Each structure stands twice: as structure tokens, then as C-alpha cells.
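Hi everyone, thanks for making time for this one. I'd like to walk you through a structure and then take a few of its parts one by one. Let me put it on the screen.

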Amino acid sequence: MPATPRRSSRLHTVSSDDATVPVSSLSPFGPGQHLLSVSQLDRAALTSLFGLAESLRPVGQGTQVCRILEGAMLGSLFFEPSTRTRLSFESAFQRLGGAVVSTTGFTFSSMAKGESIHDTARVVSGYSDALVVRHPDTGSVAEFADASVVPVINAGDGSGEHPSQSLLDLFTMRQELEARGKSIDGATIAVLGDLRYGRTVHSLLRILGLYSKVTFRVFGPPALALPAEFFEVVSASGNRIVECDSVGEAIGPADVIYCTRVQKERLSEQDEESVHLKGDLLNMAILTQYGRPDAIIMHPLPRDSRHNSFDLSPDVDDFPGLAIFRQTDNGLLIRMAIFSIALGVADHVTDDLRPAAWQRR
């Protein structure tokens with residue numbers, strides 16, 4: 001099945017001063033469209049995408065194969081360090097029969113020679129049927145999309161958004177809650193850690209606005225507190241947000257506990273002087289004292305497992321509700337679904353499934 005024909009029209013405009021893309025100018029995500037923000041998705045789109053991802057679970061588990069993207073080429077451009085996101089995007093494309101060309105970091109790209117985002121995007125999109133891009137500057141992936149002639153998937157733009165991560169988080173959250181006879185509607189979700197620079201948190205708070213009666217209980221050290229705009233985002237959706245003074249206060253009634261790593265790579269010199277965090281963000285002792293025994297623990301990873309890293313402690317790894325590795329497994333399914341939709345082959349996925357000739361052990 002061939003990939004969607006290349007597009008030459010631009011889907012949005014990018015302001016020259018701050019590279020911010022107005023939400024109103026983003027097209028709903030579908031065949032041939034970029035995925036830059038969770039704001040492009042509605043509840044019906046989520047239901048469809050999650051159903052597609054679930055149908056691809058046998059492919060992710062290696063019991064079936066699908067070659068729906070055979071002949072398609074992915075341009076993988078990661079200008080920031082990444083393990084899970086880059087490998088899962090590339091694995092997702094190849095599991096669907098496609099091939100990948102990639103570059104990592106600025107050193108090994110022509111940007112080190114002064115090439116602009118526009119020129120890089122236009123050139124590499126000419127070699128590819130889709131691009132997945134991570135870049136350290138907020139709004140930069142939108143600049144790539146503005147120049148690209150193929151769909152661009154945002155794999156993280158600075159402290160902006162990380163839409164595929166929020167989708168896999170939501171997919172996992174729904175799955176874990178349903179296993180407990182609950183739903184996202186009406187859930188209490190504690191969000192802990194770096195709320196200032198954590199783009200996964202920013203995307204998650206936006207997309208959960210599609211659900212009702214959700215209560216957020218947030219805790220971050222003062223220097224890493226949630227920006228005011230996201231309190232407004234939650235309030236505008238009709239949901240409730242409570243700023244807590246401690247981890248214990250935040251997690252007490254929580255159905256889901258979402259932890260984040262301190263984004264040290266984004267701290268300014270002034271931030272570094274004010275952020276002196278030690279100990280664990282969440283460990284088994286805190287969880288046992290304050291949390292619910294049926295709580296679900298999530299983390300976008302990587303977590304910093306070193307001593308005094310102020311992150312999710314490895315001593316919770318035997319806790320029954322720990323879902324962090326199910327999150328990563330689900331990331332492969334979500335990213336296969338994203339590619340299937342962007343390249344216009346989603347309706348043909350189930351027809352292309354067949355048993356694998358090999359079995360993963």
C-alpha cells in the first residue's frame with residue numbers, strides 16, 4: 001500500500017518572533033497532516049486512534065506482522081538525546097514495513113554548518129514520506145512542519161509539547177483504570193516533579209481536558225512549579241486543579257500518580273542556583289504512608305535512578321500498580337497507529353495482519 005502523496009501546501013503559519021503556532025491554525029490530525037499538538041485531537045479521534053493501537057498489539061508483541069508501510073521512508077531527526085522516543089518511533093515504522101534514515105544531534109547534521117531549520121526540513125522531507133523531529137527549542141518542530149512536504153510528527157520541542165507521549169500516557173492510563181473498574185472521567189490524578197519544564201505534563205494536562213470531572217493534584221518545588229497558563233487550561237476545560245504543598249498531600253486520594261524527572265538540561269544558571277533537590281520524589285516509604293494501595297504509578301521516563309536525584313525511586317519497582325514499563329510497551333503501539341493515520345493506511349491495517357513466521361521468546 002503506497003504512502004499518502006506528498007503535500008506541497010503549508011498547514012499553518014509560524015510567527016517570526018517566537019515560532020509559536022496558534023492552536024486555531026492547526027489542522028485536525030488525519031491523513032497527510034502534521035501532529036504537532038494534542039490540541040488537534042478530540043475525543044472521537046482518541047477513541048479511533050486507541051482502537052487502532054490496540055489492533056496493532058500483536059505486531060508490537062511479535063506474534064503477527066504487518067507490512068502496510070512497505071516502500072515508505074521515515075526521516076528521523078533527533079537534535080536532543082533520546083532513547084525510548086527515537087527507538088520506538090523508528091521501530092514502529094519498521095515494524096509496519098517501512099525504512100528509516102536518521103540523524104542525531106547537531107554535530108552530525110548540516111545545522112552545524114549554519115543550515116536553517118527551513119532548509120533542513122525541505123531537503124530531508126524530499127527524501128522521506130514522513131518526518132519525526134525532536135528539537136530543544138519550543139516551536140521549532142512547527143518550523144520544520146512549515147517547510148516540510150510530508151507529514152511531521154512532533155517528538156518533543158523544548159519545554160513545549162510531546163504529543164505522542166501524552167497519547168501513550170492516556171492510552172496506558174485508560175487501560176490501567178479500566179482494569180480496576182474505573183475510568184478517566186472522574187479520576188483523581190497526582191502530577192509530581194518538574195512541572196515547569198516537563199513538556200509531557202503540559203501535553204497531558206491539555207489532552208485530559210477532553211475528559212470530565214478530572215481532579216489534578218499537582219506538586220512541584222517552587223522553582224519548578226506549574227506555569228500559570230496550565231491552571232487556566234485545566235479550569236477552562238471544566239476540570240479541577242489543586243496545588244499541593246507536599247508529595248503526601250498530592251498523592252493521598254490519587255487514582256493515578258504521574259511522576260516526572262527534573263529537566264536539568266533546561267535549567268538556566270539562575271534556576272540551578274535555586275533548585276537544590278535531594279532525596280526521592282517518591283519512594284516506597286512515602287507511597288505506603290500516604291498513597292492508596294491500588295494507585296497507578298506512571299512516569300514518562302527516563303527516570304534518574306541515581307542517589308539524591310529527586311525522582312521516582314527504584315524501590316517502588318515491585319509495587320503492583322507500577323505501570324512505567326507498560327507505558328513504554330504501549331508507546332510502540334501508539335506510534336504505529338500515528339504513522340498509519342498520517343500516511344493514510346489506517347483502514348487497511350487489519351487486512352494486512354498475518355502470523356509471524358518467528359516467535360519472540
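Let's begin at helix H7, where the buried residues are Arg199, Thr200, Val201, His202, Ser203, Leu204, Leu205 and Ile207. That is 8 of the 9 residues of H7, so I'd call this helix mostly covered, given that buried means under 20% relative accessible area. Please keep in mind throughout that we are looking at a predicted model.

Now a step back to the whole chain. The protein chain has 13 helices and 11 strands. Of its 361 residues, 56% are buried. If you take the contacts with a separation of 6 or more, 78% of them are between residues 24 or more positions apart.

Next, helix H1, residues 43-55. How does its length compare with what 13 residues should span? At 1.5 Å a residue, the expected span is 18 Å, and the end C-alpha atoms sit 19 Å apart, which agrees.

Which residues of H1 are buried? They are Leu46, Leu49, Phe50, Leu52 and Ala53. Looking down the axis of H1, these buried residues fall within an arc of 160°, so they line one face of the helix. For the background to that pattern, an α-helix has 3.6 residues a turn, so residues three or four places apart point the same way. Over on the other side of H1, Ala44 and Thr47 are exposed.

And what covers the buried residues of H1? The cover includes helix H2 (57-60), helix H6 (163-178), helix H12 (324-342) and helix H13 (349-352). Helix H7 (199-207), where we started, is part of that cover too.

There is also a detail at the start of H1: a side-chain oxygen of Asp42 comes to within 3.3 Å of the backbone nitrogen of Ala44.

In the segment before H1 we find Gln40. Is Gln40 buried or exposed? With 9% relative accessibility, Gln40 counts as buried. A polar atom of the Gln40 side chain lies 2.7 Å from the backbone nitrogen of Leu36. Leaving aside residues up to four places away in sequence, Gln40 touches Leu26, Ser27, Pro28, Phe29, His34 and Leu35.

On to the strands, and to S9, residues 256-259. Val256 and Tyr258 point one way from S9, while Ile257 and Cys259 point the other way, and all of them are buried. Which strands pair with S9? Strand S6, residues 188-192, runs parallel to S9 and is joined to it by 4 bridges. Strand S10, residues 296-298, also pairs with S9 in the parallel sense, over 3 bridges. Ile257 is a handy residue to click on here: Ala190 stands opposite Ile257, and in S10 the bridge partner of Ile257 is Ile297.

That leaves the charged pairs. How many salt bridges does a search of the whole structure find? It finds 12, and I'll show you three.

The pair to begin with is Glu54 and Arg57, with the closest N and O atoms 2.7 Å apart. Glu54 counts as partly exposed, at 36% relative accessibility, whereas Arg57 is buried, at 18% relative accessible area.

Then we have Glu90 and Arg86, whose side chains meet in a salt bridge at 3.6 Å, N to O. Both lie in helix H3, residues 84-95, and they are 4 residues apart, about one turn of the helix. Glu90 is buried, with a relative accessible area of 9%, and Arg86 is partly exposed, with 21%.

My third pair is Asp255 and Arg292, where the closest N and O atoms are 3.2 Å apart. This one links distant parts of the chain: Asp255 is in the loop between helix H9 (247-251) and S9, and Arg292 is in the loop between helix H11 (284-290) and S10, 37 residues apart. Asp255 is buried, with a relative accessible area of 10%, and Arg292 is partly exposed, with 27%.

What network do Asp255 and Arg292 belong to? Salt bridges link them in a network with Lys182 and Asp294.

That's my tour. Thanks for listening, and I'm happy to turn back to any part of the picture.

Methods
Residues numbered from 1 in each chain as written. Predicted model: local features only at pLDDT ≥ 70, side-chain atom pairs only at ≥ 80, totals over all residues. Heavy atoms only, no water. Buried < 20%, exposed > 50% of the residue type's maximum accessible area, 1.4 Å probe, protein only. Helix = DSSP H or I, 4+ residues; strand = E, 2+ residues; numbered from the N terminus. Pairing = 2+ DSSP bridges. Expected span 1.5 Å × (residues − 1). Arc of directions from axis to C-beta. Contact = heavy atoms within 4.5 Å. Polar contact = N/O pair within 3.5 Å; in protein donor to acceptor, adjacent residues only side chain to side chain. Salt bridge = Lys/Arg side-chain N within 4 Å of Asp/Glu carboxyl O.
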